[in-house]
Amino acid sequence: MKTIKQACFNSVLFNINVPYDRKEEKDENHGGKKRKRVKTIGALDETTQRILENHSSIQCKLESNPNPTCTSNKKALEFVDQFNSSSNYDGEQCFRGQNTTDCTIVTEMNGESFLIPPRVSFINSSIDRFTEYIQPDETFDMIVLDPPWWNKYIRRVKAANSKAGYRMLTNADIKAIPLERHLHKNTLVVVWCTNAPSHIDAVSKDFFPKWGVELVACWYWVKVTSAGQPVCKFNEPQQKQPYERLFIGLPAGSTMAKSIPRERFLYSVPSAIHSHKPPLYDLFTSKYLPPEATCLELFARSLYPRCTSYGMEVLKLQNKRLYELAMEDEDGKTGGRVAFE
Ligand SMILES: C[S@@+](CC[C@H](N)C(=O)[O-])C[C@H]1O[C@@H](n2cnc3c(N)ncnc32)[C@H](O)[C@@H]1O
């Protein structure tokens with residue numbers, strides 16, 4: 001019998017070789033549509049200017065395109081379109097599960113196979129039921145949130161393909177999550193935030209004070225192509241940017257506050273899956289948290305060892321079709337079983 005030794009996202013997902021605004025491949029496919037005229041860029045805000053300068057200063061260090069003949073994102077986009085149109089994930093179902101073993105388990109649900117990595121637990125549910133699923137006295141070393149912020153783009157995606165978009169929440173819904181009950185004195189609270197001023201203000205002025213957390217840092221994830229260029233231009237305020245924000249908070253008086261850099265720039269090639277963020281657990285445990293730190297990730301679509309993942313699509317990106325697997329012989333050991341309740 002073979003077991004899974006390693007599972008990596010299919011590398012085609014990261015074939016982001018040219019900026020998104022170079023849409024030749026899509027426009028050619030959809031024949032009639034005219035290409036948008038490139039707008040002249042106005043003044044950048046101070047944050048965007050700083051990120052642009054940081055990018056310019058390190059651009060030569062960013063990995064250059066390993067395959068310079070590959071001059072489009074077409075393969076990645078087609079792979080994701082095909083996955084979205086054929087995947088069958090019912091976000092309205094409520095279920096939970098865990099894998100307490102050290103092996104990756106494959107489980108079947110609604111005709112699809114999902115990979116369940118070692119030492120994970122997961123809850124597929126709307127956040128309204130948070131208090132039913134998370135024990136009132138349970139605290140975590142890190143809590144990550146990537147909320148389904150209210151935005152026009154997701155409304156359009158969902159209107160065009162009901163399987164591609166997701167439900168959205170208002171700022172008041174997100175603030176109402178009772179995170180304050182699940183913090184200890186050094187719990188790191190990390191929130192992915194869009195560049196919309198109303199979302200930025202909500203994190204620092206509404207959510208963090210309600211949760212008893214102080215803002216200690218703002219980091220930026222800069223999305224670059226395989227050639228190291230930003231995935232879109234650095235734009236004037238209110239326009240699409242090639243970066244997203246990570247707000248980092250700690251309970252007032254935390255001794256860890258001094259060790260977290262106020263500002264950092266993280267660079268990577270994004271996957272072609274909409275809104276797919278890079279995993280943060282290793283980044284924080286390697287420097288700021290104990291190695292076996294416990295983590296709660298809200299609005300998750302994938303699983304990570306030692307984390308409890310919670311969201312309406314909690315297994316969506318664990319779909320086996322998204323992965324390349326390395327297998328090994330098992331020599332007689334019994335495999336674990338995923339436990340669903
Ligand atoms: C921005 S995405 C998260 C993306 C994820 N961090 C990733 O990297 O793939 C937000 C997620 O929240 C889920 N969601 C929407 N409404 C929700 C709700 N009421 N309760 C829980 N999850 C919800 C969406 O289905 C979507 O999967």
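**Exercise 1. Placing Val190**

In which strand is the place of Val190? Determine also whether Val190 is buried or exposed.

*Solution.* The structure is a predicted model, in which local features need pLDDT of at least 70 and side-chain atom pairs count only at pLDDT 80 or more, while totals for chains, interfaces and linings use all residues. Residues are numbered from 1 along each chain as its sequence is written.

Step 1. Val190 belongs to strand β7, residues 183-193. Helices (H or I, at least four residues) and strands (E, at least two) are DSSP runs, numbered from the N terminus.

Step 2. A residue is buried if 20 or more other C-beta atoms lie within 10 Å of its own, exposed if 12 or fewer, and partly exposed in between, with C-beta atoms placed from the backbone. Val190 is buried because 20 other C-beta atoms lie within 10 Å.

Step 3. Two residues are in contact if their C-beta atoms, placed from the backbone, lie within 7 Å. Leaving out residues up to four places away in sequence, Val190 touches Met142, Val144, Leu246, Ile248 and Leu280.

Step 4. Val190 and Asp146 are 44 residues apart along the chain, and their C-alpha atoms are separated by 8.6 Å.

**Exercise 2. The largest nonpolar core**

Identify the residues that touch the most other members of the largest nonpolar core.

*Solution.* Step 1. A nonpolar core is a set of buried Ala, Val, Leu, Ile, Met, Phe, Trp, Tyr and Cys residues joined through C-beta atoms within 7 Å.

Step 2. The largest such core has 63 residues, of which Ile143, Val189, Val190 and Val191 touch the most other members. Strand β7 gives the most to this core, with 7 residues.

Step 3. Apart from neighbours within four places in sequence, Ile143 is in contact with Leu179, His182, Thr187, Val189 and Leu296.

**Exercise 3. Checking helix α7**

Compare the expected span of helix α7 with the distance between its end C-alpha atoms, and locate its kink.

*Solution.* Step 1. The expected span of a helix is 1.5 Å times one less than its number of residues. Helix α7 (residues 197-211) has 15 residues, so it should span 21 Å; its end C-alpha atoms are 20 Å apart, which agrees.

Step 2. The bend at a residue is the angle between axes fitted to the seven residues ending there and the seven starting there. In α7 there is a kink of about 40°, centred on Val203.

Step 3. The buried residues of α7 are His199, Ala202, Val203, Phe207, Phe208 and Trp211. These buried residues pack against α6 (171-175), β7, β8 and β9.

Step 4. Just after α7, Gly212 has a positive phi of about 75°.

**Exercise 4. The partners of β8**

In which sense does β8 pair with β9, and in which sense with β10?

*Solution.* Step 1. Two strands pair if DSSP finds at least two bridges between them.

Step 2. Strands β8 (residues 213-223) and β9 (residues 243-251) pair in the antiparallel sense over 9 bridges. Within β9, Tyr243 is the bridge partner of Val222.

Step 3. With β10 (residues 263-268), β8 pairs in the parallel sense over 6 bridges. Within β10, Ser268 is the bridge partner of Lys223.

**Exercise 5. From the loop into β12**

Classify Phe299, Arg306 and Ser309 by burial.

*Solution.* Step 1. Phe299 is in the loop between β11 (295-298) and β12. Phe299 counts as buried because it has 23 C-beta neighbours inside 10 Å. Although not a glycine, Phe299 has a positive phi of about 70°.

Step 2. Arg306 also lies in the loop between β11 and β12. Arg306 has 18 C-beta neighbours inside 10 Å and therefore counts as partly exposed. Its phi is near 70°, a positive value in a residue other than glycine.

Step 3. Ser309 is in strand β12, residues 307-311. With 23 other C-beta atoms within 10 Å, Ser309 is buried. Beyond four places in sequence, Ser309 touches residues including Val120, Phe122 and Glu297.

**Exercise 6. Confidence in the model**

State the mean pLDDT of the protein chain and examine residues 24-35.

*Solution.* Step 1. pLDDT is the predictor's confidence in each residue, from 0 to 100. The chain has a mean pLDDT of 89, and 86% of its residues reach 70 or more.

Step 2. Over residues 24-35, pLDDT stays under 50, and the model has 7 contacts beyond four places in sequence for them.
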